[in-house]
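Me: I am new to this structure. Please take me through its helices, its cores and its surface.

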Amino acid sequence: VGPDNYGNYYEQYRTLEDLSKYSTIVSNDAHSASVQTLATLGAVGVLAYLLLITVLIRSLLILWDRRTIDRRALYIVGLYIFVYLTNSFVSPITLTHKYLFWAVAGAVIGFAYRKEESEKARSRVLPATAALTSLTLFAIATTFATAQWNYLTNIERYVLDRKSTVTYQTSPALPCFMYFDAEIKMVAESGDDRAEKFAQKALDKNARCISAELFLAKMDFSKDRISELKPHIYRLMEIAPARNETLSMGMYYANRTRDTEVARKLQRVMQALGLVYLPGKLG
């Protein structure tokens, strides 16, 4: 892997065939909630998840037997839970982050295990809960819709006139991995300084925004700011160790600064991926 041949890093593949097809693969995402949970939380975390799912299924059976909820509605809820659970096995978003699923699961368990209460008390609690839930969902939907409208109007203006002044500001409601690349193209028209500030703000809002971290690292790389490149390299080695940019810029940094610890870590990653390091003009 030679940093002077930027964009053509992989000279040989021996393992992980998909890496050769998708050079920007993120190696620390199992793309499966079950595998990701086992890898990140271990046996105890998996047992906790299994316990929660067991309680959830038992709650559905209790409600089905008691008929406290219309069986047609309960069937729809059960189907919804089944779809979410099966989807989690192949979803890039782990089950832990499926907030809507856990909200529904909590409601089902609450209905199943709550104590008997008078009709008068129930008539007060349910409308208040429904109103609070509706208000929360409305606030979330409004925030996301506003962020989407801001993005779409600015990207359209950018496409029509790339010389126009860009005043676009990102929103934490927009996922970094889906929007950042297009956002930074718009902002970069206003100069490197504004683009770097924009990327840093994106990182402040989402510390795992790989695209923003890579952008800042590439800016330091291109401007030969070795000392400023260091924290980005260390961060990329933590959140995206097998990205081609991480390997290339990381080896460049390690050779320029004689950082043997970084070089050893990167070489271990390359060895695991079946890659061969070929020193270039820049190291």
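Reply: Helices (H or I, at least four residues) and strands (E, at least two) are DSSP runs, numbered from the N terminus. The model is predicted, so local features need pLDDT of at least 70 and side-chain atom pairs 80 or more, while totals for chains, interfaces and linings use all residues. Residues are numbered from 1 along each chain as its sequence is written, and side-chain values use heavy atoms, without hydrogens and water.

Me: How many helices and strands does the protein chain have?
Reply: Along the sequence, the pattern reads α-α-α-α-α-α-α-α-α-α-α. The count is 11 helices and zero strands.

Me: Which helix gives the most to the nonpolar patch?
Reply: A patch takes residues with over 30% relative accessible area (Shrake-Rupley, 1.4 Å probe, only the protein chains shown counting as cover for residues). They have no salt bridge (Lys or Arg side-chain nitrogen within 4 Å of an Asp or Glu carboxyl oxygen), and nonpolar side chains (Val, Leu, Ile, Met, Phe, Trp, Tyr) are joined within 5 Å, like charges within 9 Å. Trp 64, Tyr 75, Ile 76, Leu 79, Phe 82 and Val 83 form this one, with about 650 Å² together. Five residues come from helix H3 (residues 71–87).

Me: Is Ile 76 buried or exposed?
Reply: Ile 76 lies in helix H3. Buried means under 20% relative accessible area, exposed over 50%, partly exposed in between. At 57%, Ile 76 is exposed.

Me: What percentage of the 283 residues in the protein chain do buried residues make up?
Reply: In soluble globular proteins, nonpolar side chains tend to be buried together. Here the buried share of the 283 residues is 35%.

Technical notes
Buried means under 20% relative accessible area, exposed over 50%, partly exposed in between (1.4 Å probe, protein chains only).
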